[in-house]
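Reader: Hi! Could you walk me through this one?
Author: Happy to, here it comes.

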Amino acid sequence: MHTPFLDSTFFIEWSKLRPEFIVPDITQGIQNAEWALQEIRAQSLGSVTYASSILAIEEATRPLSVAWNKVQHLDSVQNSKALREANNQMLPKVSEFFSKI
């Protein structure tokens, strides 16, 4: 599946970041992050360390954060009706996800 907003290569291919990819990519990013957080939550309390909790949360949410930052940047520099609609559709879902952490 082509997920340009979740692409983690160093050089961002801005021309491939189109509004129609926002909803599926950000939805996938939320799902991936939630799966990773479930694994973190499943740790027994006796085995929790800084690396297995705080750093693991940071790593689990990084792809979604980077993808969402790309959406926000595009909204700032290349605003369009389609981009606003996709942004407005995903903003509550992204906010809800991060507020649960």
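**Helix α2 and its partners**

Author: In this predicted model, α2 has a kink of about 45° at Arg 62, shortly before the proline Pro 63. The bend is the angle between axes fitted to the seven residues ending there and the seven starting there, and helices are DSSP runs (H or I, at least four residues), numbered from the N terminus.

Reader: Cheers! Any ground rules?
Author: Residues are numbered from 1 along each chain as its sequence is written. Local features need pLDDT of at least 70, side-chain atom pairs count only at pLDDT 80 or more, totals for chains, interfaces and linings use all residues, and side-chain values use heavy atoms, without hydrogens and water.

Reader: What do the buried residues of α2 pack against?
Author: They pack against α1 (22–41) and α3 (81–99). Among the buried ones (under 20% relative accessible area, 1.4 Å probe, protein chains only) are Ala 60, Leu 64, Trp 68 and Val 71.

Reader: And how do α1 and α2 cross?
Author: Their axes, lines fitted to C-alpha atoms over the stretch in contact, with angles from 0 to 180 degrees between N-to-C directions, come within 10 Å and cross at roughly 175°. The two helices are therefore roughly antiparallel (over 145 degrees). The contact (heavy atoms within 4.5 Å) includes Ile 26 and Ile 30 of α1 and Leu 64 and Trp 68 of α2.

Reader: Switching to Ile 26, what is it in contact with?
Author: Leaving aside neighbours within four places in sequence, Ile 26 is in contact with Leu 64, Ala 67, Trp 68, Val 71, Met 90 and Val 94.

Note on methods: Buried < 20%, exposed > 50% of the residue type's maximum accessible area, 1.4 Å probe, protein only. Parallel < 35°, antiparallel > 145°, perpendicular 65-115°, else oblique.
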